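Reader: I am new to this structure and would like a close look at its enclosed space. Please start there, and then carry on to the pockets and to the other features that can be described.

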Amino acid sequence: MAGIDYSLAGIPVREKFSLTASHESDVYGALAQNTQILGAVIVSTCNRTELYLSCADGFDCNPFALLCDALGMDFEAYRGLHRLRTGDSVFTHLCKLSCGAKSQIWGEDQIISQVKGSLVRAREAGATDSILEVLFRNAISAAKKIKTQVRFSGEERSVALRALSFLKEAGCKNILVIGNGIVGRLTAQTLCQNGFSVSMTRRQYHHGMVDIPQGVCAFDYSERYARLHAFDAVVSATSSPHYTIEHDRLCMCGKIPGLFLDLAVPRDIDPAVSQCAQIVDIDSLCSEVLRESHQKQLMEIEGISEKYYQDFRKWTEYKFNRACGQEKNIG
């Protein structure tokens with residue numbers, strides 16, 4: 001596997017590699033043209049974009065170079081902004097990633113669902129093979145065990161809780177949340193449960209209207225500029241490739257919020273908005289240095305992941321021995 005993450009690149013670079021579901025499908029289609037690639041899974045979040053591959057014996061490649069090719073980007077321009085892992089280290093990394101030990105927020109709770117979703121989308125695209133299916137399932141099982149046994153204490157383990165803390169300190173009361181995905185709904189719900197007056201923008205999708213958390217007001221997304229005067233702050237968390245708040249249109253409003261929390265990659269808030277209001281991006285909100293107290297927890301995590309890795313190894317050995325036996329019988 002190989003990928004780019006927050007520890008290697010800032011948002012302006014990461015957002016170039018951020019993939020929507022349709023973009024993921026295009027990448028899978030490009031990778032399928034290479035018969036030496038047996039399976040692929042893309043993990044794309046605000047913090048990272050990673051490509052996991054299962055390849056034919058003897059095929060040597062850099063997944064990040066293949067990702068750049070599929071996206072029409074120059075690999076040489078970003079060569080120094082990725083990490084490449086092979087063999088055992090891939091499983092260990094995926095376990096740590098899935099339990100939140102690789103997130104900007106130590107022990108983040110949402111990442112395990114995002115990893116599960118990545119596997120589901122790859123499966124729906126016909127991109128996975130049995131190796132990657134079992135690799136991801138074992139890593140996710142390990143992450144679940146880690147979350148129940150390892151104490152990620154004293155941390156705000158979600159973006160929503162970080163947003164809550166920040167908005168409390170800023171003295172904001174009336175909040176507009178743009179975005180109907182998991183992060184947007186969770187943030188709106190968390191703020192509402194903690195005494196904030198919260199509204200959300202609402203869009204109608206082909207499958208119907210989205211769910212709005214109890215106690216949260218809602219209005220149509222197209223009305224957002226006309227209603228900005230009523231809010232102290234805006235939280236935007238969409239997967240849209242376009243800005244949800246543009247500087248030029250904002251300048252045509254009268255009173256505007258003084259604070260914009262941009263929880264999206266690629267960015268939702270036009271950077272030019274910083275000329276008239278404060279913007280706090282996902283990196284600024286969630287940045288965290290690995291503390292010494294985490295080292296003990298990392299040792300616990302590695303101990304648990306090792307057990308699940310051995311289970312994975314036993315499965316691959318069984319699969320290999322069975323395949324060899326079938327070849328002998330055919331011979």
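Author: The model is a predicted one, and it holds 1 cavity of 30 Å³ or more. The volume of this largest cavity is about 40 Å³. Its lining is made of Gly3, Ile4, Asp5, Leu8, Glu50, Arg83 and Arg85. Strand β1, which covers residues 2–5, provides the largest share of that lining, 3 residues. Sorted by character, the lining of the largest cavity has 2 nonpolar residues, 1 polar residue and 4 charged ones.

The open spaces come next. The largest pocket contains about 1,500 Å³ of space. Its lining counts 50 residues, and those nearest the centre of the pocket are Gly181, Ile182, Ala237, Thr238 and Ser239. Four helices each supply at least two residues of this lining: α2 (21–31), α6 (111–124), α9 (182–193) and α12 (282–286). Of the elements, α6 gives the most, with 5 residues. The lining of the largest pocket divides into 21 nonpolar, 20 polar and 9 charged residues.

The second largest pocket holds about 870 Å³ of space. It is lined by 31 residues, and Leu53, Ser54, Cys55, Gly87 and Ile131 are the ones nearest its centre. Two or more lining residues come from each of β3 (48–55), α5 (88–99), α7 (130–149) and α13 (294–330). Helix α13 contributes the largest share, 7 residues. In this second lining, 19 residues are nonpolar, 5 are polar and 7 are charged.

Helices α5 and α13, both named for the second largest pocket, are also joined by a pair of rings. The structure holds 9 aromatic pairs. One of them is formed by phenylalanine 91 and tyrosine 309, with 5.4 Å from centre to centre and 50° between the planes, which makes the pair tilted. Phenylalanine 91 belongs to helix α5 and tyrosine 309 to helix α13, so the pair ties together parts that lie 218 residues apart in sequence. Both rings belong to buried residues: phenylalanine 91 has a relative accessible area of 1%, and tyrosine 309 has a relative accessibility of 8%. Elsewhere, ring pairs link Phe17, Phe64, Phe75 and Tyr78 into a cluster.

The cysteines can be treated briefly. A disulfide requires two cysteine sulfur atoms within 2.5 Å, and by this rule the count is 0 disulfides. Cysteine 68 shows why: the closest cysteine sulfur, in cysteine 61, is 13 Å from its own, which is too far for a bond. Cysteine 68 is also buried, with a relative accessible area of 0%. Cysteine 286 is in no disulfide either, and the nearest cysteine sulfur, that of cysteine 46, is 8.7 Å away. With a relative accessibility of 2%, cysteine 286 counts as buried.

Two further places deserve a look. One is asparagine 174, which sits in strand β5 (residues 174–178). Its relative accessible area is 28%, so asparagine 174 is classed as partly exposed. Apart from its neighbours within four places in sequence, asparagine 174 is in contact with Ser197, Ala230, Phe231, Asp232 and Ala233. Proline 257 is 83 residues away from asparagine 174 in sequence, while the C-alpha to C-alpha distance in space is 9.6 Å.

The other place is a peptide bond. Most peptide bonds are trans. The one from valine 265 to proline 266 is cis, with omega near 5°. Proline 266 is found in the loop between β11 (259–262) and β12 (278–281).

To return to the starting point, the cavity is lined by residues that include Glu50, Arg83 and Arg85, and 4 of its lining residues are charged. The largest pocket, by contrast, is an open space of about 1,500 Å³.

Terms used
Residues numbered from 1 in each chain as written. Predicted model: local features only at pLDDT ≥ 70, side-chain atom pairs only at ≥ 80, totals over all residues. Heavy atoms only, no water. 1 Å grid on protein atoms, 1.4 Å probe; cavity = no way out; pocket = protein on both sides within 12 Å on 5 of 7 lines; lining within 4 Å. Points joined across faces, edges and corners; volume = space filled by probe spheres on them. Nonpolar A, V, L, I, M, F, W, Y, C, P; charged D, E, K, R; others polar. Buried < 20%, exposed > 50% of the residue type's maximum accessible area, 1.4 Å probe, protein only. Contact = heavy atoms within 4.5 Å. Phe/Tyr/Trp six-rings, centres within 6.5 Å; stacked < 30°, edge-to-face > 60°.
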